[in-house]
Amino acid sequence: MQRNTKVPMLSRLRSLFSARPAAPAAALPDGQRAYAVGDIHGRADLFAALAQAVDADDTARGGAQTTVVLLGDLIDRGPDSAGVVARARAWQAARTVRVLMGNHEEMFLDSLEKPEVLRHFLRYGGKETVLSYGVDEDAYQAADLTETQALMRAAIPAGDIAFIRAFEDTIALGDYLFVHAGILPDLPLDQQRISDLRWIRQPFLDHPGSHGAVVVHGHTIFKQPDVRHNRIGIDTGAYETGVLTALGLEGATRWLIEARMEDGAVRVAQRSIS
């Protein structure tokens, strides 16, 4: 009896042509290291602990060209936005720290000139920012919008405003793209709208395809860092959860550093991720 060899042969051919090499892992160029810090939102206590942990981790890993990226939304909601801005400025003076413009920084800057934006800004965490700069709460409560703008201009140092105005929209390092909120899928980077970079959620979050780079972002809160093949979200809701997260990157290696408020004390932990 003659054996039928056609089916096994066809199966092997299908396997041969359907097998594709795995896409290379996203990586930074040799000699580079990066840390991305999620949305801080006025949690100066968590930020101080996390910055110290990043500095210690960077030193322990040895020499590299290291960039720290703050993903935006340093201010609002939490109790000490002024303290966060001061620490970010000091950190930037001591090492390479680049900062992205978040939607809350956008509202803050616009609110200094536009009363209609100020009303929205104050409703979504801006009140805490204003008070953190030492504005008297009774004076704040009695002020109308024009008066509130005057209180802000008098209390907030010009250097802090200039610092925030200099925040960036995108940062590209190796195979990673750092943005505050995300990007509009299938649109070239040079055609992205600023509003999407600072505000987008969908269709970015559920987009299954490649973005051409792994997008590291904040803006949308996750209980745990959301690590996907095309994006990594590290906003863990510091102002309400008490957890501030940093992502470390070197070569194709990734790790997390988390500052967490537990029983009235800030504790820092570190773990590897794929």
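Is R98 buried, partly exposed or exposed? Please keep that question in mind while I take you through two topics in this structure, which is a predicted model, and I will come back to R98 when we reach the salt bridges.

Let me begin with a pair of helices. Two packed helices are described by the angle between their axes and the distance between the axes. Here helix α2, which covers residues 44–60, packs with helix α3, residues 81–94, at an angle of about 20 degrees, and the two axes lie 9 Å apart. Since angles under 35 degrees count as roughly parallel, α2 and α3 are therefore described as roughly parallel to each other. As for the handedness, α2 passes α3 in a right-handed crossing.

Which residues make up this contact? On the α2 side they are A44, F47, A48, A51, V54 and D55, and on the α3 side they are G83, V84, R87, A88 and W91. If we sort this contact by class, we find 8 nonpolar residues, 1 polar residue and 2 charged residues.

Now to the salt bridges. Side chains of opposite charge can pair when their charged atoms come close. In this model the count comes to 17 salt bridges, and I will show you three of them.

In one of them, D58 pairs with R33, and the closest N and O atoms are 2.5 Å apart. D58 belongs to helix α2 and R33 to strand β1, residues 32–37, so this salt bridge ties together parts that are 25 residues apart in sequence. Both D58 and R33 are buried. The pair also belongs to something wider, because R33, D55, D58, R95 and E250 are linked in a network of salt bridges.

Another salt bridge joins E168 to R98, with 2.7 Å between the closest N and O atoms. E168 sits in the loop between α8 and β4, whereas R98 sits in strand β3, residues 97–99, so the pair ties together parts that are 70 residues apart in sequence. This brings us back to the opening question: R98 is partly exposed, because its relative accessible area is 27%. Its partner E168 also counts as partly exposed, at 24% relative accessibility.

Finally, the side chains of R260 and E258 meet in a salt bridge, at 3.9 Å from N to O. How do these two residues stand in terms of accessibility? R260 counts as partly exposed, at 29% relative accessibility, whereas E258 is buried, with a relative accessible area of 7%.

Terms used: Residues numbered from 1 in each chain as written. Predicted model: local features only at pLDDT ≥ 70, side-chain atom pairs only at ≥ 80, totals over all residues. Heavy atoms only, no water. Axes fitted to C-alpha atoms, helices over the stretch in contact; angles between N-to-C directions. Helix = DSSP H or I, 4+ residues; strand = E, 2+ residues; numbered from the N terminus. Parallel < 35°, antiparallel > 145°, perpendicular 65-115°, else oblique. Left-handed = near helix turned anticlockwise from the far one by under 90°. Contact = heavy atoms within 4.5 Å. Nonpolar A, V, L, I, M, F, W, Y, C, P; charged D, E, K, R; others polar. Salt bridge = Lys/Arg side-chain N within 4 Å of Asp/Glu carboxyl O. Buried < 20%, exposed > 50% of the residue type's maximum accessible area, 1.4 Å probe, protein only.
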